[in-house]
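Let's take a walk through this structure together, one region at a time. Keep the viewer open as you read, and turn to each residue as it comes up.

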There are 2 protein chains.
Amino acid sequence: MAATIRDVARLAGVSPSTVSRALSLPGMVNAATRARVAAAVDQLGYEPNRAARGLITGRTGTIGLVVPDLANPFFASVTKGVQARARRHDVAVFVADTDEDPAAEAGLVRALSKQVDGVILCSPRAGNDELAAIAQDTTVVLVNRAAEGIPGVTYDNEGGMRQAVAHLVALGHQRIAWVGGPATSWSTQHRGLGLRNAAEELRAKLVPVGNFAPTYEGGMAAADQVIATGATAVVAYNDLVAIGLLARLHARGLSVPGDLSVVGVDDIAMSSMARPALTTVRLPKQEAGRIAVELLLTMLDDPESAAASAGAHGELRGELHGELHGELIVRESTGPAPHTQPSE
Amino acid sequence: MAATIRDVARLAGVSPSTVSRALSLPGMVNAATRARVAAAVDQLGYEPNRAARGLITGRTGTIGLVVPDLANPFFASVTKGVQARARRHDVAVFVADTDEDPAAEAGLVRALSKQVDGVILCSPRAGNDELAAIAQDTTVVLVNRAAEGIPGVTYDNEGGMRQAVAHLVALGHQRIAWVGGPATSWSTQHRGLGLRNAAEELRAKLVPVGNFAPTYEGGMAAADQVIATGATAVVAYNDLVAIGLLARLHARGLSVPGDLSVVGVDDIAMSSMARPALTTVRLPKQEAGRIAVELLLTMLDDPESAAASAGAHGELRGELHGELHGELIVRESTGPAPHTQPSE
DNA sequence: ACACAGCTTGCAACCGATTGCAGACTCAAA
DNA sequence: TTTGAGTCTGCAATCGGTTGCAAGCTGTGT
């Protein structure tokens, strides 16, 4: 059906080897023949068969992307970024969704890894040991998580949280609640840490109210506990949680930001549509996907130096670690602290 | 690195051909040898190399999925369905996002088609001729669109719209506005048609207010025109548009559903989080993805009969056409028509 | 004892590319 | 004219499977 390298060779009056070289090592073949080959190529609309090439080179020109839940707008955006950047490099992307099942994750990666050159693991739920095992026999890039010796791209959670706290403190808030996500989540830990530090530094009191599902429902569940803390502001693990909070606070008759200010993280599309529109720390989601692709391709092109710069001297943040910064987007869900002091 | 068929053959004391047959045509090899092969296979953890197999069989075990925008929750859900069902069949999925660019669509499919066995085109923006051309040399399944001779899965838009209108009429609404999506969209056309028929049948007046982007912004843009129609209810092209309407109506000081009832289509997660929660026609999104996969795999397994049943006698809805039904989900955005008659 | 059918198995070609090696050719220097 | 270096090109092996064909073996009927 499709033209093969032999067809091109015949038409150009050369051997298949010459065609192959004309395409991949142009400097090695005479300009005149190269031109004849080029002509034949586009006369026939020839494109090399990837499977055949992969067979001999060992490279498939394909990468895998594993996310917990495609229906979560955060991961959808990351996927969009990955996919767009991969296309630029003429690399195809296998997308797999674990349905938030940590157990499925390792198996999925293992299955995928036989068909791809490398894998991007977004917000992996697996344990550190498991992750290390996976990275042992597959080229892996992490998104939204750092792990010893594995390249990845993460967000500067500390910086983002600092902006949020500074904003709230400037508005007069002194007692700030924190609704964490899943306890095992790397992001939860680092956001919590960043909040604690920022609060201490800016002389505000941080009140953690526990760990909740990173969803709208999680936010609904947390709301009443938040109210009970007597805080005048709350930072939520992510925007979905924040929007869940908004809903339940409204149902309980509290006004946002009149009685309570709410801050989220991510800046998903939904956040600007919420009522009141959500103040949030915007994370560059597609950018994370793009960088992950670049990181992965770099590792694949140059495995030894890549491994060296990632693993050398136990330095975690080598060349092969991207860090992205969040940006506080102020909308309607934050305002001055209420004058009436909360019961203390 | 990984075990090859030769390794297995050596360990089992047979030839590679026998191993191959033991795996793909078990009936053809002696039970005893088959057992020895099986033992060798899982001792070595052997898995056939897909590229090599694909080279000779011409099948890659991969399908492509093309969507206009992954960040749109509707398409994210379809993708989720496709991906999950494909995995069950041990088929991998290439996902590509056209960024709502109709021009990019054809090119993308063409590039993809060389690497996959078939393509699922979700809500294609391309023209009918272009679509036919694509289907000419690639196995294609359409989602959210019907086209002569190409298998696909669509929604019963007419039925869904009928439910919406019946609901509104029962609430006393007699003048219903319709905010359409992109004019060239197949869904827009069929939803409009369904509404027109239902309205006529149920003696309500349908007032189309034009075509808008299928987004939150589109809804914001349409809102004032909707108000100007004097309608007491409005059906939006999809939930994003409906939520945009909600926002702008609120800004204009109208109460929903007090002054105006709003109905969307899709039932994306965001809809139940909107305020007021959105009444909408729920479409089974993941189901559409799953069926599309089944359809595609059927065609691939049995091209001639598939082609026959899809194209024969110009019958569009052959065996290879799935139709899914919507379900009206009543929430808070619809209520009785206001007593004060709108100026007529 | 022979022929023949039926069941298993192996040989070898092949899918479509890439690449090490060697041969052909050009041209300059001796 | 011969030699040698340098450039360009082709041959043939190879990647890891699949499959048509033929050969080996067993068992049955004559």
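**A walk through the model**

In chain B, a polar atom of the Ser185(B) side chain sits 3.1 Å from the backbone nitrogen of Thr188(B). Please keep in mind from the outset that this is a predicted model. Ser185(B) belongs to the loop that runs between β6 (175-180) and α9 (186-201) of chain B. Is Ser185(B) buried or exposed? Its relative accessible area is 10%, and because buried means under 20%, Ser185(B) counts as buried.

Now move over to chain A and find Val37(A), which has its place in helix α3 (residues 31-44). With a relative accessible area of 1%, Val37(A) is buried as well. Which residues surround it, once the neighbours within four places in sequence are set aside? Val37(A) is in contact with Val8(A), Ala12(A), Val14(A), Val19(A) and Ala22(A). Take Ala22(A) from that list: it is 15 residues from Val37(A) in sequence, while the two C-alpha atoms are 7.1 Å apart in space.

From here we can turn to the DNA, beginning with strand C. There are 25 residues around DNA strand C, and those that come nearest are Ile5(A), Ser20(A) and Asn49(A) from one chain, with Thr18(B) and Arg21(B) from the other. What part of the strand does the protein meet? Among the atoms of DNA strand C within 4 Å of the protein, 60% are from sugar or phosphate, and bases supply the rest.

Individual contacts show both kinds of partner. Ile5(A) uses a backbone N or O atom, which lies 2.3 Å from a phosphate oxygen of DNA strand C. Arg53(A) instead places a polar side-chain atom 2.9 Å from a phosphate oxygen of the strand. A base is involved at Ala52(A), where a polar backbone atom is 3.2 Å from a base nitrogen of DNA strand C. Stepping back to the elements, those giving two or more residues to the surface near DNA strand C are α1 (5-12), α2 (16-24) and α4 (50-57) of chain A, along with α2 (16-24) and α4 (50-57) of chain B. The largest share, five residues, comes from α4(A). By class, this surface has ten nonpolar, ten polar and five charged residues.

DNA strand D is the next stop. Here 26 residues surround the strand, and the closest are Thr18(A), Arg21(A), Thr33(A), Ile5(B) and Ser20(B). Of the atoms of DNA strand D that come within 4 Å of the protein, 54% belong to sugar and phosphate. The side chain of Thr18(A) has an N or O atom 2.5 Å from a phosphate oxygen of this strand, and the side chain of Ser17(A) has one 3.0 Å from a base nitrogen. On chain B, a polar side-chain atom of Arg53(B) is 2.8 Å from a phosphate oxygen of DNA strand D. The elements that contribute two or more residues to the surface near DNA strand D are α2 and α4 of chain A, and α1 (5-12), α2 and α4 of chain B. This time the largest share comes from α4(B), with four residues. The surface divides into twelve nonpolar, nine polar and five charged residues.

Finally, look at where the two protein chains meet. The contact involves 35 residues of chain A and 35 residues of chain B. About 3,200 Å² is buried between the chains, and carbon and sulfur atoms give 62% of that area. Which residues of chain A lose the most area to chain B? They are Lys80(A), Met273(A) and Arg275(A), which together make up 22% of what that side buries.

Lys80(A) also takes part in a salt bridge with Asp69(B), with N to O at 2.6 Å. Across the whole interface there are eight salt bridges, and 17 residue pairs are in polar contact. On the side of chain A that touches chain B, two or more residues come from each of α4, α5 (73-88), β2 (92-97), α11 (239-251) and α12 (269-273). β2(A) gives the most, with six residues. That side of chain A is made up of 19 nonpolar, seven polar and nine charged residues.

Methods. Residues numbered from 1 in each chain as written. Chains lettered and ligands numbered in written order. Predicted model: local features only at pLDDT ≥ 70, side-chain atom pairs only at ≥ 80, totals over all residues. Heavy atoms only, no water. Near = heavy atom within 4 Å. Polar contact = N/O pair within 3.5 Å; in protein donor to acceptor, adjacent residues only side chain to side chain. Nonpolar A, V, L, I, M, F, W, Y, C, P; charged D, E, K, R; others polar. Contact = heavy atoms within 4.5 Å. Buried area = accessible area lost by both parts, 1.4 Å probe. Salt bridge = Lys/Arg side-chain N within 4 Å of Asp/Glu carboxyl O. Buried < 20%, exposed > 50% of the residue type's maximum accessible area, 1.4 Å probe, protein only.
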